[in-house]
Amino acid sequence: MATDTSVKTQNQTESNVGKRLRNFLIVLVGVALSVTLVVGLRTQTNSVSLTDLDERSTPLEIALTNGKPSLVEFYANWCTVCQKMAPDIAALETQYADRANFVMLNVDNTKWLPEMLRYRVDGIPHFVFLGQDGEAIAETIGEQPRTIMASNLDALVTGKTLPYAETKGAVSEFSTPVAPTGSQNDPRNHGNSGKKG
């Protein structure tokens with residue numbers, strides 16, 4: 001009878017140790033998943049935005065005259081393809097900052113209408129590669145893998161032919177307006193300043 005009791009006690013002890021070990025592993029996995037989730041969300045919220053890129057971009061007037069080749073991007077904040085490419089463009093900007101200008105032109109700003117018409121922007125993102133003299137060498141339209149953009153930038157900064165000139169990827173459709181809209185400085189308003197009469 002004493003052996004039955006000691007066997008039962010031993011089985012209960014092994015069962016309790018097994019339950020504790022299982023519970024410990026569950027807690028450990030839960031903590032690991034929580035840490036992964038927090039790190040993932042923190043990384044996602046720290047990603048580069050189009051506004052960030054625009055704020056630190058080289059003004060077009062300077063890019064055309066400073067003797068460095070340039071990558072000009074026509075974009076819009078609502079453009080999902082532009083948003084998707086923003087981290088890659090930011091990384092490329094960091095990599096090539098000392099050798100090339102990065103210019104951001106928002107298609108929603110009618111100030112850039114002459115450039116939109118000149119480069120026939122009808123889908124965004126629309127990238128124009130400018131040589132050191134400010135003249136267009138090539139254009140790519142739509143989503144481009146970072147490797148293709150890097151290959152083009154390598155060629156641009158070394159004065160070689162761009163290997164992926166004139167490539168097209170997924171775009172956000174955009175129609176270039178014929179004239180600025182809603183501008184109070186438009187001479188056709190004849191001083192009405194938007195007043196309704």
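The exercises below work through a helix pair, a cavity and two backbone details of a predicted model.

This model is predicted, with local features needing pLDDT of at least 70, side-chain atom pairs counting only at pLDDT 80 or more, and totals for chains, interfaces and linings using all residues. Residues are numbered from 1 along each chain as its sequence is written, and side-chain values use heavy atoms, with hydrogens and water left out.

**Exercise 1.** Describe how helix α4 packs with helix α6.

Step 1. Helix α4 covers residues 80–96 and helix α6 covers residues 146–158; helices here are DSSP runs (H or I, at least four residues), strands are runs of E of at least two, and both are numbered from the N terminus.

Step 2. The two helices pack at an angle of about 30°, with their axes 10 Å apart, where axes are lines fitted to C-alpha atoms over the stretch in contact and angles run from 0 to 180 degrees between N-to-C directions.

Step 3. α4 and α6 are therefore roughly parallel to each other, a term for angles under 35 degrees.

Step 4. Contact means heavy atoms within 4.5 Å, and the residues of α4 that meet α6 include Met85, Ile89 and Leu92, while Met149, Leu153 and Val157 are among their partners in α6. The residues of this contact divide into nine nonpolar, no polar and three charged.

**Exercise 2.** Find which strand gives the largest share of the lining of the largest cavity.

Step 1. A cavity is a set of points on a 1 Å grid over the protein atoms alone where a 1.4 Å probe fits but cannot get out, and lining residues have an atom within 4 Å of a point. The largest cavity holds about 40 Å³ of space.

Step 2. Its lining includes Leu53, Ile89, Phe102, Val103 and Met104.

Step 3. The largest share, three residues, comes from β2.

**Exercise 3.** State what is notable in the backbone at Pro125 and at Arg120.

Step 1. Most residues other than glycine have a negative phi, and most peptide bonds are trans.

Step 2. The peptide bond from Ile124 to Pro125 is cis, with omega near 0°, and Pro125 lies in the loop between β3 and β4.

Step 3. Arg120, although not a glycine, has a positive phi of about 50°.

Key
Parallel < 35°, antiparallel > 145°, perpendicular 65-115°, else oblique. Nonpolar A, V, L, I, M, F, W, Y, C, P; charged D, E, K, R; others polar. 1 Å grid on protein atoms, 1.4 Å probe; cavity = no way out; pocket = protein on both sides within 12 Å on 5 of 7 lines; lining within 4 Å. Points joined across faces, edges and corners; volume = space filled by probe spheres on them.
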